[in-house]
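Hi everyone, thanks for making time for this. I'd like to walk you through one structure today, sheets to begin with and then some side-chain details.

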Amino acid sequence: MKRSGAEFGAEGARKEARMIEPGAAIGVLGGGQLGRMMALAGAPLGYRFVALDPAPEAPCGQVAAQIVAAYSDKDAAAELAERTDVITYEFENVDAEVAALLEERSYVPQGSRLLYTTQHRLREKAALEAAGATVAPYAEVKSEAELDAAVKRLGTPCVLKTATGGYDGKGQVVVRDGSEVASAYAELAVTGAELVVEQFVKFQCEISVIAARSSSGETSTFPPAENIHRRGILHASIVPARVPADVLAEAERLAARIAESLGAVGLLAVEMFYGRDGVLYVNEVAPRPHNSGHYTMEACTTSQFEQHVRAICGLPLGSPELRTPVVMVNVLGEHLAGVHKLMLSPESAGTEAVRPKLHLYGKAETKAGRKMGHINLLCGDTADALAWIESAGIWPSE
């Protein structure tokens, strides 16, 4: 769904907005798989890429130039600014002070304010509420006594989370009854991070929307994905999501409104719970390409990665149209051997019903639970793709 900046109001567009023409160099804070796929999508448009990442031959560094240094290294950040024309980030745990420094020395259309907001769950929730979104009832927690009082008020189950850091299920503990308050608080208090407890939302499913907003204020949203998690890690994304059409349309409108309210430039992934009460609860946002948007690479006219490049460079946004139903399934470390075996077999070509498209990230170390790649299963019916996942025997059912 595309909307003009005029429709939403361009007052959020940054005064320094400029068009970065093909041939320019794009700097990427972070050299992981998101940066890698961004570089691969931006190269056909004529852009060059330089990544900053502490890991030698990081995934992005295998397909682009790389500065090997810590994210907090201000000299390295200055070098990145000198070698590039525009800078973006591929994950939100980049040092916000470095991002602010780069704003002074380079062109960072995403800015550091949104990074500062989304790095902290309490700030993020306040910003989402200001944008008119509904979030699960929550409370800040500074002591075991405060957690106990909040749990009694919010009810159980609820989820205690660190306000900063945490991903793929890390940095959070489910509190199922009052007897678990002390152990939950002790487990996360040792991190030293601020804590927040959230009421557990009874939901039908989780959906996410990738919204794009260009430096000129143009906004576009991709079709919502229905997300399935296992052990706190995204397992698969189903598109079209198996949710009523009016709910999907409202999810896109909500994501676009949040992107506008936050003054986002580039991509903003908005994760939501579709509650049993019919309400859309926004769980969190990420100001970058997102795992649940990988399906766009073959299934949409424009991928999320190309769209991000277009948005930060001030180009017109591409069409987000869905060209085929699709299921994206993640390849974790424990799945990699099975996927390698599958892709060397005749079955890798797929069938008329399901056409697999493999993407491996080139990570040096394989670990259980670590995202090593994904497969987009293009299909006529997502039920066929889900059956393909089960029959492959690579992803054990839970």
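Let's begin with an open sheet of four strands, ordered β4-β3-β2-β5 and paired in parallel. At its edges stand β4 and β5 (86–89), each with a single partner strand, so one side of each has no neighbour in the sheet. On average, neighbouring strands here are turned by 25 degrees against each other, direction ignored. Please keep in mind that this is a predicted model.

Let me zoom in on one pairing. β3 and β4 run parallel and are joined by four bridges. If you look for alanine 51, its bridge partner in β4 is glutamine 66.

What packs on this sheet? Helix α2 (residues 33–42) does, touching β2 (25–29), β3 and β5. The direction of α2 makes about 170 degrees with that of β3. Helix α11 (residues 304–313) also lies across β2, β3 and β5, and runs at about 135 degrees to β5.

While we are here, have a look at the loop between β3 (48–53) and β4 (65–68), where you will find glutamate 57. The phi of glutamate 57 is near 50 degrees, a positive value in a residue other than glycine. Is glutamate 57 buried or exposed? It is exposed, with a relative accessible area of 65%.

On to another sheet. Four strands form an open sheet in the order β6-β9-β7-β8, and this time the pairing is antiparallel. The edge strands are β6 (138–141) and β8 (172–175), each pairing on one side only. Neighbouring strands of this sheet are turned by 20 degrees against each other on average, again with direction ignored.

β6 is joined to strand β9 (residues 195–199) by four bridges, and the two run antiparallel. Tyrosine 138 has glutamate 198 as its bridge partner in β9. Tyrosine 138 has another partner to show you: the charged end of lysine 125 sits over its ring, 5.4 Å from the centre. There is a similar arrangement to point out with arginine 18, whose charged end sits over the ring of tyrosine 107, 4.2 Å from its centre.

Now the helices on this sheet. Helix α7 (residues 144–154) lies across β6, β7 (158–162), β8 and β9, running at about 170 degrees to β6. Helix α8 (residues 181–189) lies across β6, β7, β8 and β9 as well, running at about 175 degrees to β8.

Where does proline 157 lie? In the loop between α7 and β7. A cis peptide bond joins threonine 156 to proline 157, with omega about 0 degrees. The peptide bond from valine 239 to proline 240 is also cis, with omega near 5 degrees. Proline 240 is in the loop between β13 (233–239) and α9 (245–261).

Valine 239 comes up again with another proline. Proline 223 sits in the loop between β11 (219–221) and β12 (225–230). Leaving out residues up to four places away in sequence, proline 223 touches Val239, Glu252, Tyr295, Cys300, Pro320 and Leu322. Following β12 along, the loop between β12 and β13 holds arginine 231. Arginine 231 has a phi near 55 degrees, positive in a residue other than glycine, and at 53% relative accessibility it counts as exposed.

Next, the cysteines. How many disulfides does the structure hold? Zero. Take cysteine 60: the closest cysteine sulfur is in cysteine 313, 14 Å away, which is too far for a bond. Cysteine 60 is buried, with a relative accessible area of 0%. Cysteine 158 is buried too, with a relative accessible area of 0%.

Let me finish with aromatics. A search of the whole structure finds four aromatic pairs. For tryptophan 388 and tryptophan 395, the ring centres are 6.2 Å apart and the planes are at 45 degrees, so the pair is tilted. Tryptophan 388 is buried, at 13% relative accessible area, and tryptophan 395 also counts as buried, at 2%. Finally, Phe200, Phe203 and Phe273 form one aromatic cluster.

That's my tour. Thanks for listening, and I'm happy to go back to any part.

Note on methods:
Residues are numbered from 1 along each chain as its sequence is written. This is a predicted model: local features need pLDDT of at least 70, side-chain atom pairs count only at pLDDT 80 or more; totals for chains, interfaces and linings use all residues. Side-chain values use heavy atoms; hydrogens and water are left out. Two strands pair if DSSP finds at least two bridges between them. Axes are lines fitted to C-alpha atoms, for helices over the stretch in contact, and angles run from 0 to 180 degrees between N-to-C directions. Contact means heavy atoms within 4.5 Å. A disulfide is a pair of cysteine sulfur atoms within 2.5 Å. Buried means under 20% relative accessible area, exposed over 50%, partly exposed in between (1.4 Å probe, protein chains only). Rings of Phe, Tyr and Trp (its six-membered ring) pair if their centres lie within 6.5 Å; planes under 30 degrees apart count as stacked, over 60 as edge-to-face and the rest as tilted. A charge sits over a ring if NZ of Lys or CZ of Arg is within 6 Å of the ring centre and within 35 degrees of the ring normal.
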